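Q: Please take a close look at one part of this model, the interface between the two chains. What holds the attention there, and what lies around it?

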Amino acid sequence: MSDNALFWVMVIGGLVTFLTRLSFIALEGKYTAPENFKRALPLVPVAALSALIVPDLLVSQGMLTQLDNPRLIAGGIAILVAWRWKNATITILSGFIALFLLH
Amino acid sequence: MNVHQRTNLAAFWLGARALLPLLIGVAPFGIIYGIVALQGGLSPIAAQLMSSVVFAGSAQFLFAQLAGMAAPGAVIVGAIGLINLRHALYSASVAPYLAHLPPRWKALLAYLLTDEAYAAAITPMMREENRHVAHWILLGAGFALWFGWQLSTAAGILLGAQLPKDLPLDFALPLTFIAIVVPLITDRTRFITALIAGTVAVALTNLPYKTGLVISALAAISVGGYMLTQQAKREKT
């Protein structure tokens, strides 16, 4: 991407982020969001991040990888570590260590 | 210094102190972001600017990943918008405490409203005795996170320039996302949401411009949202 395009993506991305954060703060008293919308909002990071993680582990160059793909196994280990300890640092470290050992 | 001013400052530091433990988790993310951003082809200045212009960790990671894949600008902006949509929830949650403030306060606090600032500040903010200084608490937490984020991303950027290019550091991205999302999966609805998002994303992985990502996320949110609505209806009866 050209520097110019990158600049605009950054600025617009920043603006979108800011306006999202501002939304209800600015609207307080003037508008109430529907209950269904508010109820579904906590699901957004779960959905978005899962949509990112799973293909990263399972797909390589447009095709499903083998089950002994090192990234998949290392990712699986990281998921288990995250499940058990919920600590970001050891999750990330365990994933890297697993990847290193598997190569 | 009158009593009111002292209380404001005390509230500010209360917010900042509440944020400090979270920095231990945030700092590694910042460092890894700096490294990954450079690997994705961003210049050091662009990578650092992202931390103040966008100022959202997972969105910045996403930006680095998508930019590295030469995704179109519109897709990147859409993805950033989607992944940051949860901040609308924080906005709704703090809005009552900020309703009386002038626009510049609202704008500043909105800018600082990250996951961590919200998480640290909301509990003390809700306490009755802090009602009149709630905005100072959020300001303290928000600033503490802002400085911590600028410093750790800078550290990552400086570090990244030194590291050899063939290290599989791009694996940091999925690992970081795993570290964020797994603790969020606390019930069946969230598990199913994650499952649908992951499965559909794999199925649609070859769609151009990463549109598969957005479609799978929306599909998963729709199903999860439906499940939550049904649950709410059952609880009412």
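What follows goes from the whole interface to one helix pair and then to a few single residues.

A: The model is predicted, and every value below is computed from it. At the interface, 79 residues of chain B are in contact with 58 residues of chain A. Together the two chains bury about 6000 Å², and 81% of this area is on carbon and sulfur atoms. Three residues, B:F171, B:L175 and B:I178, supply 10% of the area that chain B buries against chain A, more than any other three residues.

On polar pairing, the rule finds 0 salt bridges across the interface of chain B and chain A. Residue pairs in polar contact number 9 there, counting those with both residues at pLDDT 80 or more. Helix α11 of chain B, residues 211-236, gives the largest share of the side of chain B that touches chain A, with 10 residues. By class, that side of chain B has 58 nonpolar, 17 polar and 4 charged residues.

One helix pair within this contact can be described in detail. Helix α3 of chain A (residues 43-58) and helix α9 of chain B (residues 172-181) have axes that come within 9 Å and cross at roughly 140°. The crossing of α3(A) with α9(B) is left-handed. From α3(A), the residues that meet α9(B) are A:P45, A:V46, A:L49, A:S50, A:L52, A:I53, A:D56 and A:L57. Their counterparts in α9(B) are B:P174, B:F177, B:I178, B:I180 and B:V181. This helix contact has 11 nonpolar residues, 1 polar and 1 charged. B:I178 thus appears both in the helix contact and among the three residues that supply 10% of the area buried by chain B.

A:D56 also appears twice: in α3(A) it is one of the residues that meet α9(B), and its side chain meets that of A:R71 in a salt bridge, 2.8 Å from N to O. The salt bridge links distant parts of the chain, with A:R71 in helix α4 and A:D56 in helix α3 of chain A, 15 residues apart. Over all chains, the rule counts 2 salt bridges. Side chains of opposite charge can pair when their charged atoms come close.

Two loop residues complete the picture. A:K86, in the loop between α4 (70-85) and α5 (88-102) of chain A, has a phi near 55°, a positive value in a residue other than glycine. In chain B, A70 is not a glycine either, and B:A70 has a positive phi of about 60°. The loop that holds B:A70 runs between α3 (57-68) and α4 (73-83) of chain B.

Note on methods:
Residues are numbered from 1 along each chain as its sequence is written. Chains are lettered from A and ligands numbered from 1 in the order in which they are written. This is a predicted model: local features need pLDDT of at least 70, side-chain atom pairs count only at pLDDT 80 or more; totals for chains, interfaces and linings use all residues. Side-chain values use heavy atoms; hydrogens and water are left out. Axes are lines fitted to C-alpha atoms, for helices over the stretch in contact, and angles run from 0 to 180 degrees between N-to-C directions. Helices (H or I, at least four residues) and strands (E, at least two) are DSSP runs, numbered from the N terminus. A crossing is left-handed if the near helix is turned anticlockwise from the far one by less than a right angle, and right-handed if clockwise. Contact means heavy atoms within 4.5 Å. Ala, Val, Leu, Ile, Met, Phe, Trp, Tyr, Cys and Pro count as nonpolar, Asp, Glu, Lys and Arg as charged, and the others, Gly among them, as polar. Buried area is the accessible area (1.4 Å probe) that two parts lose on being put together, summed over both. A salt bridge is a side-chain nitrogen of Lys or Arg within 4 Å of a carboxyl oxygen of Asp or Glu. A polar contact is a pair of N or O atoms within 3.5 Å; within protein, one must be able to donate a hydrogen and the other to accept it, and residues adjacent in sequence count only if both atoms are side-chain atoms.
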